[in-house]
Amino acid sequence: MGRSDRIAEPWGTRTPYGQGEPWPSRVDTFLDEGLTEADVDAWVQSATILHSNGDGLDIAVKDGRIVGVRGRVEDRVNHGRLGPKDLYGWQANSSPDRLTHPLVRKDGELVRATWEEAMSRVVGRTKELLDEQGASAVGFYTTGQLFLEEYYTLGMVAHGGLGTNHVDGNTRLCTATAAAALKETFACDGQPGSYTDVDHADVICLYGHNMAETQTVLWTRVLDRLAGPNPPRVVCVDPRETPVARAATVHLAPRPGTNVALMNGLLHLVVAADQVDHDYLEAHAVGFDELRERVADYPPEKVAEICDVPEERLREAAHVIGSAERLLSTVLQGFYQSHQATAAAVQVNNVHVVRGMLGRPGCGILQMNGQPTAQNTREAGADGDLPGFRNWSNDAHVQDLARVWNVDPMRIPHYSPPTHVMQMIRYVEEGSIRMLWVQGTNPAVSLPELHRIRSVLSQDRLFLVVQDIFLSETAQLADVVLPAATWGEKTGTFTNVDRTVHLSLKAVEPPGEARPDLDIFVDYAHRLGLQDKDGQPLVKWSTPEEAFEAWKECTRGRPCDYTGITYDKLRGASGIQWPCNDEHPDGTERLYADGQFWSDAAYCESYGRDLVTGAPLEPAEYKALNPDAKAVIKAAEYLPPHELPSQEFPLQLITGRTVYHFHTRTKTGRAPQLQAAAPEVWMEVSAEDAARYGLAEGDVAEVRTPRGSVVGQVRISGVRRGVVFLPFHYGYWDTPGGSGPDGEGRAANELTLTDWDPASKQPIFKTAAAALRRVGPGDGPAPAPTTTASAPVSGDVPPTRGGPDALADESFDVRVPEEVR
């Protein structure tokens, strides 16, 4: 790779390797201009927190501040590599507009306050509402970027202390369907596969997953396999011509909202060719007969018409999948945020069960996460589920959690499923939720149908608390703003997609009076006087390591068993995959290796749901369906999306990410290199649609739905005809968190509808009916995304200069325009 600009080359250069070989190491480093590694005072162990890959890195510290990062060569996830957000995103920590003191609203304005005043307001309002209405008046909406210890404390305070059922995370927007799909097939959360399956697979399928931009280092691993001997074949399902699509053996670009029909068509061809592991099905699965009957109704000619994909390409993809000897599949937002999300993701699981492709090297499923600690929200109960993958519908599980917390089981709300965020917004709108505490997320930009969200969050009767590191669009609506410490300023653990637990150590002090989220939650619990049934403090810890030890006891005997992991075991080494316990002291690379699942009715996390209505199965129904604790194959019928194109709105809008930004740019918008790479919202249209609407590259156009409009510069790309793509990262203000509006019409979610998947409750961002019109010429051609050039994938790519370890002492030479420094 040499000295490389990682904005122009997000994946660096190739270190090719062959099937079954270990991935070669390559250490990526970026330091403040003029510094060398010799200038660094200390390197502090951590991992990345601006995407879900979980890349191990060390934080460079000089004179008490963060000055750079270096990939951890010993880490199993990235072998020393870092992506653009890893390399540059840390600069946001030292942004001059960090929140450094609490703020409270007085006479309509947010003014500086003491911690005593701010927490007194929060606790006082909580007590008032508990007295007036009870715990149902209080809701919590958290993030995908806190640490495990903080999520567990939050879940314990909310569920075991206050007794509210209104707890969710913004992981509802990115990973709820991942959890739901795993629960449907395996009756429990937890990724079956491992990143090391990339090293062994002969076929890799990516369903609605632009890995090249969402998990750059994992895509680097795939590119290195493609550049080596015996490269895997790649199947890509995406309506856009992404870098993944350009590297694929087969690219299917279905009409948005038709994923279930597409999957049924692929399964039809696999079953018709008898590329089925009958012995595996007989021993380890139920439901195949129903699936076979269902997919018989989806012959390739019918699916080609529904999805608007060439029939021959559908057949080619099915042949690649059906002939695979080691099949790895990944799924992300193209399925999760689309129509029939859980049903579509479950069909990917079905492919693996039908083919017996689980639990062996190269044979796995990664129902991916969009955020770095999304897995922890699900494990620890911060997305509303019970900690330790316990079953809300199983009284014995509730009693066991009550034992761990030493509270009365009736104190833990389990009378109904957890309240997902869109339902919480409805309760706020109706006035039954009167206090909402938002941590580390920006729903005023990220939730659907934003004009409604802003109106709801601005209600006078709502007491809004925002805990964050910047004065985001949401924080500007708050009654109390609590300044939080962030990554690098506190200690804790977090778990990535393939169940790898990393330790992130405090490197520097937080600015001003900012506090770690754990300290804020513990302080809140103590001020409220929350107690267990013996009259002792409910929360009995004050440090991250104490919280981790308490969490371990909560996981004992559960699928996500952490009891074999300690802070000392994580220090100075690679991350460890759970379950890690006496039986698996070094962690567990893959789940279900012996065809044994966590699906026994007495043990499982979920009995499943109806994929059309979302209605939960009763325990007796589940026991009758799956008496022998096997994997469950669930068939699904394709249903048309709720909002279809019309004469007024003839197109379909989809939203998504860019490689350079994370979520609503709260951090990445403050990293000069990342902000300069993608400073403004844009829209992608096909060449056919550009000609239809008289658009040229760089023109300014308006995309409109029944709910609003966005104006941006046009990029003519390989997106399928009839589809407009918008990145969702952009908000309302001149600069992220700035004080002056530049007019509405930058936030993609102004346009999206209030609709969600019935099973996972994940909002739908990818099927809105839309119209397009030219507004006028731009200032010139739109800057093309740097990832549009095909990355080299052939075996004749020059190897890394000096071998894979030659980069250990190199920093990247990045030239940043003067105006963005």
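1. How many disulfides does the count come to? In this predicted model, the count comes to zero disulfides. A disulfide is a covalent bond between the sulfur atoms of two cysteines. The cut-off for such a pair is a separation of the sulfur atoms within 2.5 Å, and two cysteines described here, Cys363 and Cys604, can be set against that limit.

2. For Cys363, the closest cysteine sulfur belongs to Cys205 and lies 12 Å away, which is too far for a bond. Cys363 is also buried, its relative accessible area being 1%. Cys604 likewise takes part in no disulfide, since the nearest cysteine sulfur, that of Cys188, is at 8.1 Å, whereas the cut-off asks for sulfur atoms within 2.5 Å. The relative accessible area of Cys604 is 0%, and this residue therefore counts as buried.

3. Taken as a whole, the protein has a secondary structure of 26 helices and 27 strands. Its radius of gyration is 25 Å, close to the 28 Å that the globule rule gives for 821 residues, and the protein is therefore as compact as a globular protein of that length. Along the principal axes, the C-alpha atoms fill a box of roughly 65 × 65 × 60 Å.

4. Burial and contacts add to this overall description. Of the 821 residues, 68% count as buried, while the area that the protein exposes is about 26300 Å², with 48% of it supplied by carbon and sulfur atoms. Among contacts between residues at least 6 apart in sequence, 76% join residues that are at least 24 apart.

5. One element that a new reader may wish to trace is an open sheet of seven strands, whose order is E6-E5-E17-E16-E15-E7-E8 and whose pairing is mixed. Strand E6 (109-112) and strand E8 (167-169) stand at the edges, and because each has a single partner strand, one side of each is left without a neighbour in the sheet. On average, and with direction ignored, neighbouring strands of this sheet are turned by 20° against each other.

6. Within that sheet, strand E16 (residues 463-468) runs parallel to strand E17 (residues 480-483), and four bridges join the two. Val465 has Val480 of E17 as its bridge partner, and Val466 stands opposite Val481 in E17. E16 also pairs with E15, again in the parallel sense, over five bridges; here Val466 of E16 is the bridge partner of Val438.

7. Is strand E16 enclosed or open to the outside? Six of the six residues of E16 are buried, so the strand is largely enclosed by the rest of the structure. In a regular strand the side chains alternate between the two faces of the sheet. In E16, Phe463, Val465 and Gln467 point one way, whereas Leu464, Val466 and Asp468 point the other way, and all of these are buried.

8. Helices that lie against the sheet include H3 and H21. Helix H3 (residues 148-162) lies across strand E7 (138-142), E8 and strand E15 (435-439), and runs at about 165° to E7. Helix H21 (residues 517-528) packs on the sheet and touches E7, E15, E16 and E17, its direction making about 155° with that of E15.

Notes
Residues numbered from 1 in each chain as written. Predicted model: local features only at pLDDT ≥ 70, side-chain atom pairs only at ≥ 80, totals over all residues. Heavy atoms only, no water. Pairing = 2+ DSSP bridges. Axes fitted to C-alpha atoms, helices over the stretch in contact; angles between N-to-C directions. Contact = heavy atoms within 4.5 Å. Rg over C-alpha atoms; globule rule 2.2 N^0.38 Å. Buried < 20%, exposed > 50% of the residue type's maximum accessible area, 1.4 Å probe, protein only. Areas by Shrake-Rupley, 256 points an atom, 1.4 Å probe, with all protein chains shown as cover.
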